[in-house]
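Thanks for sharing this one with me. Here are my notes, set out point by point so that you can follow them with the model open beside you.

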Amino acid sequence: MDGYAAYTRHVNPGLGRFLELSGRDTRFVSGHGGVLEDADGGTWDDWVAGFGSLNLGHNPPAVKAALAEHLALDAPGLYVESLNPFAGELAARLVALAGEELETVFFSNSGAEAVEAAIKTALLATGRPRIAYAEGGYHGTTLGALGCMARGPYRADLDGVLPGFREVPFGDARALEAALAAGDVAAFLVEPIQMEAGARIAGTEYLAAAREACRRHGALLIFDEAQTGLGRTGALFAWQHTGVEPDVLVSAKALGGGLVPIGATLMRRGLWERAYPGYLRAEIHNSTFGGNPLACRAALVTLEIVAEPGFLAGVRRRGDALFAALRAALADSPAVERVSGRGLLGGIKLRPAAHPWLAWDSFGLDELAGYPVAGALVLERLARRRIVAQVCAHDWSVVRVEPPLTVDDAACARFVDALRDAVRWLEHHG
Ligand SMILES: Cc1ncc(COP(=O)(O)O)c(C=O)c1O
């Protein structure tokens, strides 16, 4: 049995079988920049970019070189109770780039873990029992993060064991005010762009009102930028477009240059000490591999690239041109409800396909009856043009726009063309 078959047998049988039966079981063997190569030598444009973890594309040469150099140093494998200069150097760089108020950094290995650290630190620092979170969010699949997840299959059968956190409608500052009024909320958790809810962009006014309400009610403001950070929107972090600064900032995914897992939770001055005072508590939140030297090295070199003003300006320029082209190609299509994006992150929301055959149960997938199908039909048309794309996790009617930030004009033109043709196909057949 080869590794691909073994994946279906031993790693995720449900997913593996779905991919095999739906013809989406392409065997990718290598990746460079924004291009994937399959086992038959075919090349594919990658418009998923590891759900925002491949901002620098596949195997970025600068990160590879830094990792090779680092391995040659024989750096010590540190344990949690060590002075870790690698974590120290990376933390200092992150703090300098994110604004000096966010002074302390906890390192972990994923977005979910970075969210867990944010939640737990907020609860301990404020002594309050609840988190308020924006409806429609995606924060990871560990139990604490799931407690802030959008309603739906990710959490449906776990509601009984999840913490009783308070959901508030996204974009509704009044509802947030009401949720904070009881005085029991430690923090409000929100993404500046809710990518998985369909690329919903939080307005500056809303974020500013949330900032103000949190301040008045003694709650902390947490921005989850696992997906929106590290240059994705044309600023190092998406909140920097708005000037609304959080108390806690979650970063992950692309921080490791697409090659090494790392998560980081940046906290306002004094928060860490309030949550974990003294020696006995200094270690009660920790992670064995959090801040390991290799991951820190990858993150440092990644930051060197993505924080560079010229790089960020390039993302804004290319993103503006891409979304202008997408709007020009799609805006008056009856199959398209909206196109939204900032930098190189966004989505195309499709209207429901009306033809009765275009439903999941027509394909024998009764389990998915009721889920939008138009997005999947577009993905299938894109795959025929060798473009790997995906819909948003909580809204399958939205085709995500999320290439590596190194994407070039030619790949953008191929995407716009293929998408326009796919949407035309939907107009005629949907
Ligand atoms: C905004 C956001 N937060 C957290 C996560 C979870 O990250 P991870 O999969 O690394 O745990 C994701 C993953 O998609 C995300 O988009």
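**Notes on the ligand site, cysteines, a helix and two loops**

1. A good place to start is the ligand, where a backbone N or O atom of Ala-112 lies 2.8 Å from one of the ligand's oxygen atoms. Gly-111 does likewise, with a backbone N or O atom 2.8 Å from a ligand oxygen. At Tyr-138, a polar backbone atom is 3.3 Å from a nitrogen atom of the ligand. Of the 390 Å² of accessible area that the ligand has on its own, the protein covers 82%. Please keep in mind throughout that this is a predicted model.

2. Which residues make up the surroundings of the ligand? They are Ser-110, Gly-111, Ala-112, Tyr-138, His-139, Gly-140, Glu-191, Asp-224, Ala-226, Gln-227 and Lys-253. Sorted by class, this shell has 5 polar, 3 nonpolar and 3 charged residues.

3. On to the cysteines: how many disulfides does a search of the whole structure find? The count is 0. Take Cys-148, whose closest cysteine sulfur belongs to Cys-214: the two sulfurs are 13 Å apart, too far for a bond, since a disulfide needs them within 2.5 Å. Cys-148 is also buried, at a relative accessible area of 0%. Cys-296 is another buried cysteine, with a relative accessible area of 1%.

4. Helix α8, residues 173-181, is worth a look for its two faces. Its buried residues include Ala-175, Leu-176, Ala-179 and Leu-180. These four sit on the same side of α8, because they cover an arc of only 135° around the axis. Turned away from that buried side is a face carrying Arg-174, Ala-178 and Ala-181, which are exposed.

5. Next, a backbone angle to check. Most residues other than glycine have a negative phi. Asp-74, however, is not a glycine and has a positive phi of about 55°. You will find Asp-74 in the loop between α4 (61-72) and α5 (85-98). Is Asp-74 buried or exposed? With a relative accessible area of 68%, Asp-74 is exposed.

6. Arg-386 deserves a similar check, as its phi is near 60°, a positive value in a residue other than glycine. Arg-386 belongs to the loop between α14 (374-384) and β15 (387-388). Its relative accessibility is 37%, so Arg-386 counts as partly exposed.

Definitions and conventions: Residues numbered from 1 in each chain as written. Predicted model: local features only at pLDDT ≥ 70, side-chain atom pairs only at ≥ 80, totals over all residues. Heavy atoms only, no water. Buried < 20%, exposed > 50% of the residue type's maximum accessible area, 1.4 Å probe, protein only. Near = heavy atom within 4 Å. Polar contact = N/O pair within 3.5 Å; in protein donor to acceptor, adjacent residues only side chain to side chain. Areas by Shrake-Rupley, 256 points an atom, 1.4 Å probe, with all protein chains shown as cover. Nonpolar A, V, L, I, M, F, W, Y, C, P; charged D, E, K, R; others polar. Arc of directions from axis to C-beta.
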